[in-house]
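Hi there,

Here is the structure I promised to pass on to you. Have a look at it first, and then read on for what turned up.

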Amino acid sequence: MNPVVPDSPENANGGPASSASAPVAPSASPAQQAPLRNGKEPSGASGAGDPALSASAAVLLADVMEGMGRAPKSLPCKYLYDAAGSRLFDRITELSAYYPTATERAIMQAHLDEMVACLGRRCLLLEYGSGSSLKTRLLLDQMSDPAGYVAIDISEEHLAASMRRLRAAYPHIPMRALAADYTTSFAVPSAEFEAARAVVYFPGSTIGNFEPREALDFLTRMAGAAGPGGGLLIGVDLEKDRPTVEAAYNDAEGVTAAFNKNLLRRLNRELGATFDLDAFRHRAVYNLDEGRIEMSLVSACRQTVRVNGHSVGFAEGEPILVEYSYKFTLARFRRLAERAGFAVQKVWTDANRLFSVQYLRVR
Ligand code: AVJ
């Protein structure tokens, strides 16, 4: 989810020591379980050299300092989703200007029967970045004899709370929560379920956070996770006019600004950094050449910020790139999907062609 293509194998895995993937312990009673932590607390050397930091904070620090050394400066957007960030993102999805969520839900409601037909009987649904799992309920309501549901999310607190609600609503569906950074390798506990096939559910157009090269790698890994006979049900945001896109990421209430600035608050809290949230302003620009919205925090003045013993200098007007959100044409997404090992089986859109939901079959 780093908006910049990682330049080393370590960073492709989200940090210097996060490649270890803990096996998933089988359990007799998944219903009483807290989410499994996976890939978040690497053992072994942190590489950051500060014994006062936990292993996960050391990975965060290494990722932050790597981004601060780039031109332009950047921060990995996966760190936006701490507990407060996940709540702020939920508020974004309720904004009237933020068209993706409502449009995707309407597409799903209109074509649910065709979607669950693609999933088929005894399907194991693997959701990446499940958040509050609101759209998932539409599928769970209609799926034919589902084999199970696995929710994977980087925000452990958020995941635990939404899983409690889901388990109460669907006591008959076996469920598993996995607190993991899905951009790293992690073990999918598919063996626990008696499934006819596995389908990855990746809604919200989160695929747009990845640069094209990373998106290809990630889609390829999702094809591997679904396996032969499996598929991917994915939300893909579409190219459209600049005012609609920019309004969605520059909301008048300032929720998107608060969401992005929360990342600086997190660095202050977890790394003892000294970011002044009032000295940065949120900017979102639709770059039509690259087909993406670019979100930055722009330094309002010349300033120096301390990050765990390091000094980071900012010029007035200097941006920190925090997030890309790519918008696709159907043709461009199809090429990407095919290169990743999928065949596009179904594409559903709304009447205005704002957004699409697609079923990709593993080839
Ligand atoms: C969760 C990545 C799909 O890019 O639209 C929304 C994140 N950031 N507003 C998006 C986001 C600011 C969102 N995704």
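Two domains share the work of surrounding the ligand: domain 1 (33-91 + 253-326) and domain 2 (99-240 + 339-362) each contribute at least three residues to the shell. Please keep in mind that this is a predicted model. The shell itself consists of Ile-92, Pro-100, Gly-204, Ser-205, Thr-206, Gly-208, Asn-209, Tyr-249, Thr-256, Phe-259, Glu-323 and Ser-325. Sorted by class, that gives seven polar residues, four nonpolar ones and one charged residue. If you want to find parts of the shell by eye, start with helix 9 (255-271) and strand 12 (319-326), since each of them supplies at least two of its residues.

One shell residue deserves a second look, and that is Ser-205. Ser-205 sits in the loop between strand 6 (197-202) and helix 7 (212-226). Its phi is positive, about 60 degrees, although Ser-205 is not a glycine. Is Ser-205 buried or exposed? It counts as buried, because 22 C-beta neighbours fall inside 10 Å, and the cut-off for buried is 20 or more.

Now for the chain as a whole. The protein chain has 363 residues, and 47% of them count as buried. Its secondary structure comes to 10 helices and 14 strands. Taking contacts between residues at least 6 apart in sequence, 71% join residues that are at least 24 apart.

A good place to zoom in is the stretch around strands 4 and 5. Strand 4 (residues 148-153), helix 6 (residues 156-169) and strand 5 together make a right-handed β-α-β unit. The two strands pair in the parallel sense over five bridges, and Ala-151 stands opposite Ala-177 of strand 5. Strand 5 (residues 175-180) is mostly covered, with six of its six residues buried. Met-175, Ala-177 and Ala-179 point one way from strand 5, while Arg-176, Leu-178 and Ala-180 point the other way, and all are buried. That list includes Arg-176, in case you would like to pick it out on your screen.

Asp-153 belongs to strand 4. What makes Asp-153 count as buried? There are 27 other C-beta atoms within 10 Å of its own, so Asp-153 is classed as buried. Leaving aside neighbours within four places in sequence, Asp-153 is in contact with Gly-129, Ser-130, Gly-131, His-158, Leu-159 and Ala-179. Tyr-128 is 25 residues away from Asp-153 along the chain, yet their C-alpha atoms are separated by 6.5 Å.

Next comes an open sheet of four strands, in the order 2-12-9-8 and with mixed pairing. Strand 2 (73-74) and strand 8 (280-287) stand at the edges with a single partner strand each, so one side of each has no neighbour in the sheet. Strand 2 runs parallel to strand 12, joined to it by two bridges. In one of these pairings, Lys-73 has Ile-320 in strand 12 as its bridge partner. Strand 12 also takes us back to the ligand, as it supplies at least two residues of the shell.

There is a cis peptide bond to look at too. The bond from Ala-71 to Pro-72 is cis, with omega near 0 degrees. Pro-72 lies in the loop between helix 2 (55-68) and strand 2.

Last on my tour is a hairpin. Strand 10 (residues 303-307) and strand 11 (residues 310-314) pair in the antiparallel sense over five bridges, with Arg-306 opposite Ser-311. Two residues lie between the strands of this hairpin. Asn-308, in the turn, has a positive phi near 45 degrees, even though it is a residue other than glycine. Asn-308 is partly exposed, because 19 other C-beta atoms lie within 10 Å. Gly-309 is also in the loop between strand 10 and strand 11, and it counts as exposed because it has 10 C-beta neighbours inside 10 Å. Gly-309 and Leu-271 are 38 residues apart in sequence, with 9.6 Å from C-alpha to C-alpha.

Happy browsing, and best wishes!

Terms used:
Residues are numbered from 1 along each chain as its sequence is written. This is a predicted model: local features need pLDDT of at least 70, side-chain atom pairs count only at pLDDT 80 or more; totals for chains, interfaces and linings use all residues. A residue is near a molecule or strand if its C-beta atom, placed from the backbone, lies within 6 Å of it. Ala, Val, Leu, Ile, Met, Phe, Trp, Tyr, Cys and Pro count as nonpolar, Asp, Glu, Lys and Arg as charged, and the others, Gly among them, as polar. Domain bounds come from an automatic or database domain assignment. A residue is buried if 20 or more other C-beta atoms lie within 10 Å of its own, exposed if 12 or fewer, and partly exposed in between; C-beta atoms are placed from the backbone. Two residues are in contact if their C-beta atoms, placed from the backbone, lie within 7 Å. Two strands pair if DSSP finds at least two bridges between them. A crossover is right-handed if, with the strands pointing away from the viewer, the path from the first strand over the helix to the second runs clockwise.
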